[in-house]
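Here's a friendly walk through a protein model, a few residues at a time. Have a look at the picture before reading on.

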Amino acid sequence: VDKGLPQSSFMDSAMRHGAKYLAGWEDEDHLVAMCWNALWALQQTVTHKELIDVPWREEDASIDR
């Protein structure tokens, strides 16, 4: 059974891989890893809404844009 992971885990990993990609690290394909994590976070918004734990997605949060 797919229980999922907290969305913040996917987003944290995506951001770290993105930073490493921009810094020129070549120890692994950081661009692919960043996209993989971002896509799983996106998929989770459909299948595991209960695991969305990023603070800016809380229903009572208001952000002026």
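## A nonpolar patch on the surface

Let's begin on the outside: Tyr21, Leu22 and Leu31 make up a nonpolar surface patch, and together they have about 320 Å² of accessible area. Keep in mind that this is a predicted model.

One member of that patch, Tyr21, sits in helix α1, which covers residues 7-23. Is Tyr21 counted as buried, exposed or partly exposed? Its relative accessibility is 42%, so Tyr21 counts as partly exposed, because that label covers values between 20% and 50%.

## His30, tucked away

Now over to helix α2, which spans residues 30-47 and includes His30. With a relative accessible area of 2%, His30 is buried; the cut-off for that is under 20%.

Who does His30 touch, once neighbours within four places in sequence are left aside? The list is His17, Lys20, Tyr21 and Trp25. So Tyr21 turns up again: it belongs to the surface patch, and it is in contact with buried His30. With His17 there is also a polar contact, side chain to side chain, at 2.8 Å.

## Aromatic company

Next, the rings. The count of aromatic pairs comes to 3. Take Trp36 and Trp40: their ring centres are 5.7 Å apart and their planes meet at 55°, so this pair is tilted. For planes, the tilted label runs from 30 to 60 degrees.

How far apart are Trp36 and Trp40 along helix α2? They are 4 residues apart there, which means about one helical turn separates them. Trp36 counts as partly exposed, at 47% relative accessibility, and Trp40 is also partly exposed, at 33%. Phe10 joins in too: Phe10, Trp36 and Trp40 form one aromatic cluster.

## Thr45 and its contacts

Still in helix α2, we come to Thr45. Is Thr45 buried or exposed? At 17% relative accessibility, Thr45 counts as buried, because the cut-off is under 20%.

Thr45 has a polar partner in the backbone: a polar atom of its side chain lies 2.5 Å from the backbone oxygen of Leu42. Setting aside residues up to four places away in sequence, Thr45 touches Gln7 and Ile52. Gln7 is at the start of helix α1, given that this helix runs over residues 7-23.

Terms used:
Residues are numbered from 1 along each chain as its sequence is written. This is a predicted model: local features need pLDDT of at least 70, side-chain atom pairs count only at pLDDT 80 or more; totals for chains, interfaces and linings use all residues. Side-chain values use heavy atoms; hydrogens and water are left out. Patches are made of residues with over 30% relative accessible area and no salt bridge: like charges are joined within 9 Å, nonpolar side chains (Val, Leu, Ile, Met, Phe, Trp, Tyr) within 5 Å. Accessible areas come from the Shrake-Rupley method with a 1.4 Å probe; for residues, only the protein chains shown count as cover. A salt bridge is a side-chain nitrogen of Lys or Arg within 4 Å of a carboxyl oxygen of Asp or Glu. Helices (H or I, at least four residues) and strands (E, at least two) are DSSP runs, numbered from the N terminus. Buried means under 20% relative accessible area, exposed over 50%, partly exposed in between (1.4 Å probe, protein chains only). A polar contact is a pair of N or O atoms within 3.5 Å; within protein, one must be able to donate a hydrogen and the other to accept it, and residues adjacent in sequence count only if both atoms are side-chain atoms. Contact means heavy atoms within 4.5 Å. Rings of Phe, Tyr and Trp (its six-membered ring) pair if their centres lie within 6.5 Å; planes under 30 degrees apart count as stacked, over 60 as edge-to-face and the rest as tilted.
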